[in-house]
Amino acid sequence: MSGRLLCLAACLLCLSGPGRCDPPRKVQTVMSFSKELNLSKEQRGRITRALDELRRQLVACQERNASLQKGVNTLLRARAPLPQIRAKFEEIAANEVEAKMLDVSTARKIQEILTTEQFERWKAIQVRNGSPP
């Protein structure tokens, strides 16, 4: 499995700063290159549904992280015992891991939708646009 595949959905997932899972922003995804990849109407529909579901899940991630971060702040202000603070940080980290796994899972779903030829073209597009190998 190519590391470049992650860029497929990773472009939708932007984590900025510790404890934050920011919502997706407008970027170029595989759908931005549907003509170049010669995606069928059925493929476009399936990919759109997968990306929409990822967006929905990432918004939920952002909301959960915001709540968790408030909890950390409350614990810090209250000078809570360190094990309680650690547990809250671990919840935040687990939430961020979940978001990254959703990204990888979505990328794999999309790879399954593409033909081998389309996937090879997609990898070449990513390289051309500066995605890491």
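**Notes on a five-helix chain**

1. Let me start with Lys109: at 45% relative accessibility it counts as partly exposed, since that class runs between the 20% limit for buried and the 50% limit for exposed. Lys109 belongs to helix 4. Its C-alpha lies 9.9 Å from the C-alpha of Leu51, although 58 residues separate Lys109 and Leu51 in sequence. Leu51 itself is one of the buried residues of helix 3. Please keep in mind throughout that this is a predicted model.

2. Now the overall picture. The chain holds 5 helices and 0 strands, and reading along the sequence gives the pattern α-α-α-α-α. Of its 133 residues, 36% count as buried. The exposed area of the chain is about 8100 Å², with carbon and sulfur atoms supplying 54% of it. Among contacts with a separation of 6 or more, 73% are between residues 24 or more positions apart.

3. How far does helix 3 span between its end C-alpha atoms? They are 54 Å apart, and this agrees with the 54 Å that 37 residues should span at 1.5 Å a residue. Helix 3 covers 41-77. Its buried residues are Gln43, Ile47, Ala50, Leu51, Leu54, Leu58, Cys61, Asn65, Leu68, Gly71, Val72 and Leu75. A reminder that may help in reading such a list: an α-helix has 3.6 residues a turn, so residues three or four places apart point the same way.

4. Helix 4 covers 82-113 and has 32 residues. From its first C-alpha to its last it reaches 47 Å, close to the 46 Å expected at 1.5 Å a residue. The buried residues here are Ile85, Ile92, Asn95, Glu96, Ala99, Leu102, Asp103, Thr106, Ala107, Ile110 and Ile113. You will notice polar names among them, including Asn95, Glu96, Asp103 and Thr106.

5. Next, the nonpolar cores. The largest one has 13 residues, and Val30, Leu37, Ile47, Ile110, Leu114 and Trp122 are those with the most contacts inside it. Helix 3, helix 4 and helix 5 (116-128) are the elements that give two or more residues to this core. Apart from it lies another core, of 5 residues, among them Leu54, Leu58, Ala99 and Leu102. Of these, Leu54 and Leu58 are buried residues of helix 3, while Ala99 and Leu102 are buried in helix 4.

6. Which rings make up the 1 aromatic pair of the structure? They are those of Phe33 and Trp122, with centres 5.9 Å apart and planes at 50°, so the pair is tilted. Phe33 sits in the loop between helix 1 (6-10) and helix 2 (34-37) and Trp122 in helix 5, so the pair ties together parts that are 89 residues apart in sequence. Both Phe33 and Trp122 are buried, and Trp122 is also among the residues with the most contacts inside the largest nonpolar core.

7. Staying in helix 5, have a look at Lys123. Is Lys123 buried or exposed? At 15% relative accessibility, Lys123 counts as buried, because the limit is under 20%. Its side chain makes a polar contact, at 3.1 Å, with the side chain of Glu120.

8. Leu75 is worth a stop where helix 3 and helix 4 are concerned. Leu75 is part of helix 3 and, at 18% relative accessibility, counts as buried. Setting aside neighbours within four places in sequence, Leu75 is in contact with Ala80, Gln84, Ile85 and Lys88. The Lys88 partner is 13 residues away from Leu75 in sequence and 8.8 Å away in space, C-alpha to C-alpha.

9. Finally, two backbone details to check on your screen. Arg79 follows helix 3 and has a positive phi, near 50°, in a residue other than glycine. It lies in the loop between helix 3 and helix 4 and, at 75% relative accessibility, counts as exposed. Asn38, in the loop between helix 2 and helix 3, has a positive phi of about 60° although it is not a glycine. Asn38 counts as exposed too, at 56% relative accessibility, because the limit for that class is over 50%.

Technical notes:
Residues numbered from 1 in each chain as written. Predicted model: local features only at pLDDT ≥ 70, side-chain atom pairs only at ≥ 80, totals over all residues. Heavy atoms only, no water. Core = buried A, V, L, I, M, F, W, Y, C linked by side-chain atoms within 4.5 Å. Buried < 20%, exposed > 50% of the residue type's maximum accessible area, 1.4 Å probe, protein only. Helix = DSSP H or I, 4+ residues; strand = E, 2+ residues; numbered from the N terminus. Phe/Tyr/Trp six-rings, centres within 6.5 Å; stacked < 30°, edge-to-face > 60°. Polar contact = N/O pair within 3.5 Å; in protein donor to acceptor, adjacent residues only side chain to side chain. Expected span 1.5 Å × (residues − 1). Contact = heavy atoms within 4.5 Å. Areas by Shrake-Rupley, 256 points an atom, 1.4 Å probe, with all protein chains shown as cover.
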